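Dear colleague,

Please find below the structure that I am passing on to you. My notes on what was found in it follow directly after.

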Amino acid sequence: MSPKPRLIVVAQIAGAFGVKGEARVRSFTDDPEACFDYGPLMDESGKVVLTPVRARPLNDGFGVTTKEQLQREEWEAMRGLLLHADRAALPEPEENEIYVADLIGLRVEHVDGR
């Protein structure tokens, strides 16, 4: 059994787009289109919600064609759902940068040793 992936929030479902079953997605990544490069996007439990096939920019996010082929009503019902990527799929941070999620679980120590 493979270990559970460490999940990082990278986007959010903002509803449906058009009549062809596309999802409207708001990206939270520095490079907004990069969130679609990290493989399937999951809910907080690790269940795959959205596997991007194609993404096109909109005024307030992206219209995303997905492998899941859900109906407009199904995407609308998921409005507000946070989308996560596996931490292992994200690029390593630049020098002097860190993902906040990488701090979780670390030991904290005051400068005086406490």
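**Strands, salt bridges and the largest pocket**

Strands β1 and β2 form a hairpin with four residues between them, and Gly18 in the turn has a positive phi of about 70°. Please bear in mind that this is a predicted model.

The pairing within this hairpin is antiparallel: β1, residues 7-17, and β2 are joined over six bridges. One of the facing pairs consists of Phe17 and, in β2, Glu22. Strand β2 itself spans residues 22-27 and is mostly covered, with five of its six residues buried. Strand β2 also pairs with β6, residues 61-66; these two strands run antiparallel and are joined by three bridges. There, Arg24 has Gly63 of β6 as its bridge partner.

Turning to charged side chains, the structure holds eight salt bridges. One of them connects Asp102 and Arg6, whose closest N and O atoms are 2.7 Å apart. This pair links distant parts of the chain, since Asp102 lies in the segment after β7 (82-86) while Arg6 lies in the segment before β1, 96 residues apart. Arg6 counts as partly exposed because its relative accessibility is 46%. The two residues also belong to a network of salt bridges, in which Arg6, Arg87, Glu92 and Asp102 are linked.

Two further salt bridges may be of use to you. In one, the side chains of Glu109 and Arg107 meet with an N to O distance of 2.6 Å. Which of these partners is exposed and which partly exposed? Glu109 has a relative accessibility of 47% and therefore counts as partly exposed, whereas Arg107, at 70%, counts as exposed. In the other, the side chains of Asp112 and Arg114 meet at 2.9 Å, again taken from N to O. Asp112 is partly exposed because its relative accessible area is 49%, while Arg114 is exposed, with a relative accessible area of 65%.

As regards open space, the largest pocket holds about 410 Å³. It is lined by 19 residues, of which Thr29, Asp30, Tyr38, Leu90 and Tyr99 are the closest to its centre. Sorted by class, the lining of the largest pocket comprises 13 nonpolar residues, five charged residues and one polar residue.

Two loop positions complete these notes. Asp31 is placed in the loop between β2 and β3 (41-42). With a relative accessible area of 46%, Asp31 is partly exposed. How far apart are the C-alpha atoms of Asp31 and Leu83? They are separated by 16 Å, and the two residues are 52 residues apart along the chain.

The second position is Thr51, found in the loop between β4 (48-50) and β5 (52-58). Is Thr51 buried or exposed? Thr51 is buried, because its relative accessible area of 18% falls under the 20% cut-off. The side chain of Thr51 makes a polar contact of 2.7 Å with the side chain of Glu68.

With kind regards

How values were computed
Residues are numbered from 1 along each chain as its sequence is written. This is a predicted model: local features need pLDDT of at least 70, side-chain atom pairs count only at pLDDT 80 or more; totals for chains, interfaces and linings use all residues. Side-chain values use heavy atoms; hydrogens and water are left out. Buried means under 20% relative accessible area, exposed over 50%, partly exposed in between (1.4 Å probe, protein chains only). Two strands pair if DSSP finds at least two bridges between them. A salt bridge is a side-chain nitrogen of Lys or Arg within 4 Å of a carboxyl oxygen of Asp or Glu. On a 1 Å grid over the protein atoms alone, a cavity is a set of points where a 1.4 Å probe fits but cannot get out, and a pocket is an open set with protein on both sides within 12 Å along at least five of seven lines; lining residues have an atom within 4 Å of a point. Grid points are joined across faces, edges and corners, and a volume is the space filled by probe spheres set on the points. Ala, Val, Leu, Ile, Met, Phe, Trp, Tyr, Cys and Pro count as nonpolar, Asp, Glu, Lys and Arg as charged, and the others, Gly among them, as polar. A polar contact is a pair of N or O atoms within 3.5 Å; within protein, one must be able to donate a hydrogen and the other to accept it, and residues adjacent in sequence count only if both atoms are side-chain atoms.
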